[in-house]
Amino acid sequence: MDVKLSQCFIAVDDHDKALAFYRDVLGLEVRNDVGFEGMRWVTVGSPLQPDVEIVLEPPAANPDASPTDRRAMAELLAKGLLRGVIFSTDDCDALFARVQASGAEVLQEPMDQPYGVRDCAFRDPAGNLLRFNQRRDA
């Protein structure tokens, strides 16, 4: 039996700002853009990974979430406390320069890590943590 990642979800509070970042800065392609009951889901992905998608969704997109839960999720998102995504790249330094030039909040400049990668970190426009790893040759 094969098991592979198909989709992961990132909460965003402004889909247009998220699209400008994920599509225009990172170069991901938009695969779907769906509205339903006042909410919006945008699916993006790397052209190099056609079978893996990132769904940009509203915080607390669950229709069963209470108003209190929705407020709590929005507050956690605003504080940057929701988990993010780790991307891989073949040139961490070039990617860092491109993302930094976009005005994204820098959390960590490129550095070599003891676990075999060179990486950097940013926040997306919603405050989510994004790390970018480049494998180092052993």
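At 0% relative accessibility, Y22 counts as buried, and this residue offers a way into the structure, which is a predicted model. The neighbour of Y22 in the pair described here is F21, which is likewise buried, with a relative accessible area of 5%. The structure holds four aromatic pairs, and F21 and Y22 make up one of them: the centres of their rings lie 5.2 Å apart and their planes stand at 85 degrees, so the pair is edge-to-face.

Another edge-to-face pair is formed by F122 and F132, with 6.2 Å from centre to centre and 70 degrees between the planes. Because F122 belongs to strand β7 and F132 to strand β8, this pair ties together parts that are 10 residues apart in sequence. Both rings sit on buried residues, F122 having a relative accessible area of 0% and F132 counting as buried at 2%. Ring pairs also join F122 and F132 with F87 and F96 into a cluster.

One member of that cluster, F96, leads on to helix α3, which covers residues 92-101 and whose buried residues are C92, L95, F96 and V99. Seen down the axis of α3, these buried residues fall within an arc of 105 degrees, so they line one face of the helix. The spacing has a simple background: an α-helix has 3.6 residues a turn, so residues three or four places apart point the same way. What lies over the buried residues of α3 includes helix α1 (15-25) together with the strands β6 (105-112), β7 (117-123) and β8 (129-135). After α3 comes G103, whose phi is positive, near 95 degrees.

Strand β8 also holds N133, a residue that is buried, with a relative accessible area of 17%. Although N133 and D119 are 14 residues apart in sequence, their C-alpha atoms are 4.4 Å apart in space. Leaving aside residues up to four places away in sequence, N133 touches I86, F87, S88 and T89 as well as V117, R118 and D119.

R118, one of the residues that N133 touches, brings in the charged side chains. Side chains of opposite charge can pair when their charged atoms come close. The structure holds 10 salt bridges, and in one of them the side chains of D93 and R118 meet at 2.9 Å, N to O. Since D93 lies in helix α3 and R118 in strand β7, the pair ties together parts that are 25 residues apart in sequence. D93 counts as partly exposed, at 34% relative accessibility, and it is linked with D112, R118 and R136 in a network of salt bridges.

Two further salt bridges can be followed among residues with lower numbers. E29 forms one with R31, the closest N and O atoms being 3.0 Å apart; E29 is partly exposed, with a relative accessible area of 33%, and R31 counts as partly exposed at 23%. R40 forms another with D33, where the closest N and O atoms are 2.7 Å apart. Here R40 counts as partly exposed at 24% relative accessibility, while D33 is partly exposed with a relative accessible area of 40%.

Definitions and conventions: Residues numbered from 1 in each chain as written. Predicted model: local features only at pLDDT ≥ 70, side-chain atom pairs only at ≥ 80, totals over all residues. Heavy atoms only, no water. Buried < 20%, exposed > 50% of the residue type's maximum accessible area, 1.4 Å probe, protein only. Helix = DSSP H or I, 4+ residues; strand = E, 2+ residues; numbered from the N terminus. Arc of directions from axis to C-beta. Contact = heavy atoms within 4.5 Å. Salt bridge = Lys/Arg side-chain N within 4 Å of Asp/Glu carboxyl O. Phe/Tyr/Trp six-rings, centres within 6.5 Å; stacked < 30°, edge-to-face > 60°.
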